[in-house]
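Below are my notes on the model, set out as numbered points for a colleague who will want the cut-offs beside the statements.

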Amino acid sequence: MSEPYRLPLFPLPMVLFPETLVPLHIFEPRYRQMVSDVLERDKRFGILYHDPDESGPFMNESGRVGTVALIRKHQPLPDGRSMILVKGSERFQTHQEVASDAQYYEALVRPYADEPLPETVSGLVARRKRSLALFKNVLQTQPHVPDALPSFSVKREISFRLAAVVRMDPFWQQELLELREEEARLNRLDPIFQAGIERWWTEKGPEA
């Protein structure tokens, strides 16, 4: 098992998936300080899903799964606020709370990786192709497709990048984030894509 390492934490009512880009508005004083601190180090902090309206105050307990955020762009604003663009990196699991003088949360965390693949690489590539084909079919049913959709390579993990495009509630997204097999994540995504295709045929098929 990998040794735990220290990571600043930013609880937010959103789920950050690996390999996805997300803009964040930093305005609370403690997270202004956090951003300042990590910019002087490795530009990394952890995002954990937490909705205070649903769960109350954040408790920095062990066993939580989140994603390391790497700051790619930083735009300071005149009043001390800032806009940052982060990219999801590897997943982590909190191991132990860290007591410090910092106003923001910190914890010792460990990498949270997928289980070893039980199938061949060629089998996994074929599995990715099926999900990607469903996703592309869904896009063809949409009246307006964004110009900035990411490109996908079936030679590498695609489930998190596909999930980032799907509009689902954060509880569902967190469950997906915690799954440790790509095939299991694709099995969660495929019915959503299939339902989108079937809904289009039900509503528009006879006129198409």
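Which residues of helix α5 (residues 170-178) are buried?

1. The model is a predicted one, in which local features need pLDDT of at least 70 and side-chain atom pairs count only at pLDDT 80 or more, whereas totals for chains, interfaces and linings use all residues. Residues are numbered from 1 along each chain as its sequence is written, and side-chain values use heavy atoms, with hydrogens and water left out.

2. The buried residues of α5 are Trp172, Gln173, Gln174, Leu176 and Leu177, where buried means under 20% relative accessible area, exposed over 50% and partly exposed in between, with a 1.4 Å probe and protein chains only. Helices (H or I, at least four residues) and strands (E, at least two) are DSSP runs, numbered from the N terminus. At the N-terminal end of α5, aspartate 169 acts as a cap, with a side-chain oxygen 2.9 Å from the backbone nitrogen of phenylalanine 171.

3. Arginine 185 lies in helix α6 (residues 182-204), and it counts as buried because its relative accessibility is 0%. A polar atom of the arginine 185 side chain lies 2.8 Å from the backbone oxygen of leucine 179. Beyond its neighbours within four places in sequence, arginine 185 has contacts (heavy atoms within 4.5 Å) that include Arg91, Asp114, Glu157 and Leu176.

4. Along β2 (21-26) the side chains alternate: Val22, Leu24 and Ile26 point to one face and are buried, while Leu21, Pro23 and His25 point to the other and are not. β2 runs antiparallel to strand β5 (residues 82-97), to which six bridges join it, and leucine 21 stands opposite lysine 87 of β5.

5. Methionine 14 is found in the loop between β1 (5-12) and β2. Leaving aside neighbours within four places in sequence, methionine 14 is in contact with Val22, Leu24, Ile47 and Tyr49. Its C-alpha is 8.7 Å from that of glutamine 173, although the two are 159 residues apart in sequence.

6. The second largest pocket holds about 200 Å³ of space, and β1, β2 and α1 (29-39) are the elements that give two or more residues to its lining. Among the lining residues are Phe10, Leu24, Ile26, Arg30 and Tyr105. A pocket here is an open set of points on a 1 Å grid over the protein atoms alone, where a 1.4 Å probe fits, with protein on both sides within 12 Å along at least five of seven lines, and lining residues have an atom within 4 Å of a point.

Note on methods: Grid points are joined across faces, edges and corners, and a volume is the space filled by probe spheres set on the points. A polar contact is a pair of N or O atoms within 3.5 Å; within protein, one must be able to donate a hydrogen and the other to accept it, and residues adjacent in sequence count only if both atoms are side-chain atoms. Two strands pair if DSSP finds at least two bridges between them.
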